[in-house]
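Colleague: I've got this model open on my screen. Could you walk me through how to read it?

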Amino acid sequence: MNNLEQDYTQPLGLDVGTSRVVVARAKDKKQEYDSQLNAFLTLPYSKLAESLLQRENVFHEVQGADIVVAGNDAEKFAEVFHVETRRPMAQGVLNPEEPYSLAVVRRIITRLVGRAAAEGQKVFFSVPAQGDSLSGAIRYHEASIRQILAELGYEATPIEEGLAVVYGEMAASNYSGVGISCGSGLCNICLAVLSVPVISFSVPKAGDFIDAQAAQVTGERANRLRISKEKAFQLNGFTSDRVHNALTVYYQEVISNLIGSLRAHIASAQKLPKLEQSVPLVLSGGTAMPKGFLDHFIRILQSEEFPLRLSEVRVSGDPLHSTARGALMAAQC
Ligand SMILES: Nc1ncnc2c1ncn2[C@@H]1O[C@H](COP(=O)(O)OP(=O)(O)OP(=O)(O)O)[C@@H](O)[C@H]1O
Ligand SMILES: [Mg+2]
């Protein structure tokens, strides 16, 4: 096998997120990433529109009377055509209210990973941990993603997103610690000891919650708020700007809810292993990115005694790739 073939048959890590799908590949002892927005829009079919999209090399598919534009191109064309993008997933799983959900996720995953170079090539893909809002939905979601990957020739294994963060961030502590991914649909949390998950759960208040709630109280569109939040928002207290203040209120609610749930899960754990050493807590995901997030998180964490000894609390150096990187590392084990 030459080097090129070896590259292609190496395991992959895949983060199937509510707002973005990310693939991680090993390249020269480092990781390489590729991603697509997990979004789409539909346009009424016409021969002209289809040939224009084809000519512009736009990622699309004809589905009956519609043209479905998916991935990064969806956002670009939403602006051109003044339509809203739609999401095939909601709260970490395939959206049951969206008839195109499975078809769009299949297209996006296929575009990112392609056909397996050899039958049985390994891929680990992220799934959410159980949470109050999800009940049985995870099983269907997981089976559907596994099936898509199996059809492409991969041997696919699910990994809970919080555990993927532990794999991606905590080699130095022997994969012991608390990994948290603050995404758009969910926050996923995992306490692992020597790579074995001890507590794993998800909570439904995350980025989408902030956008939707802030939109409701300001009368702005959630998508517009999301864009301004991603561009410039800092968690640095109240100002004279009402949009900033609304985002602040719901950001603070996300953080309090996350820490409250973590305390409650640790307190109610039946058999918590005795940890000889203190362990790290690492935050990742797009929602953990604004300046001020970590300071506020630490302030709330320290406002009451915390039932675990923590060696450090930090935000990942690469929060948007942490889950895919961890899934890749798990696949390489
Ligand atoms: N620079 C940024 N500042 C603030 N928020 C951001 C930034 N970049 C992305 N986000 C927000 O982070 C969220 C997306 O994060 P991420 O890509 O980790 O989610 P996901 O993995 O797709 O979702 P999930 O894990 O919930 O299924 C969105 O709510 C987005 O608005
Ligand atoms: Mg995620």
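Modeller: Start at ligand 1: 25 residues surround it, and Gly17, Thr18, Gly183, Gly207 and Gly286 come nearest. A residue is near if its C-beta atom, placed from the backbone, lies within 6 Å of the molecule. Bear in mind that the model is predicted: local features need pLDDT of at least 70, side-chain atom pairs count only at pLDDT 80 or more, and totals for chains, interfaces and linings use all residues. Residues are numbered from 1 along each chain as its sequence is written, with chains lettered from A and ligands numbered from 1 in the order in which they are written.

Colleague: Which elements give two or more residues to the shell around ligand 1?

Modeller: Helices are DSSP runs (H or I, at least four residues), numbered from the N terminus. Here, helix 7 (207-218) and helix 8 (222-232) do so, and helix 8 gives the most, with 3 residues.

Colleague: Where does ligand 1's shell lie relative to the domains?

Modeller: Domain bounds come from an automatic or database domain assignment. Domain 1 (7-43 + 59-166 + 323-332) and domain 2 (173-316) both contribute residues to the shell, so it lies between them.

Colleague: Is lysine 30 buried or exposed?

Modeller: Buried takes 20 or more other C-beta atoms within 10 Å of a residue's own, exposed 12 or fewer, and partly exposed is in between; C-beta atoms are placed from the backbone. Lysine 30 has 7 C-beta neighbours inside 10 Å, so it counts as exposed. Lysine 30 sits in strand 3 (residues 30-37); strands are DSSP runs too (E, at least two).
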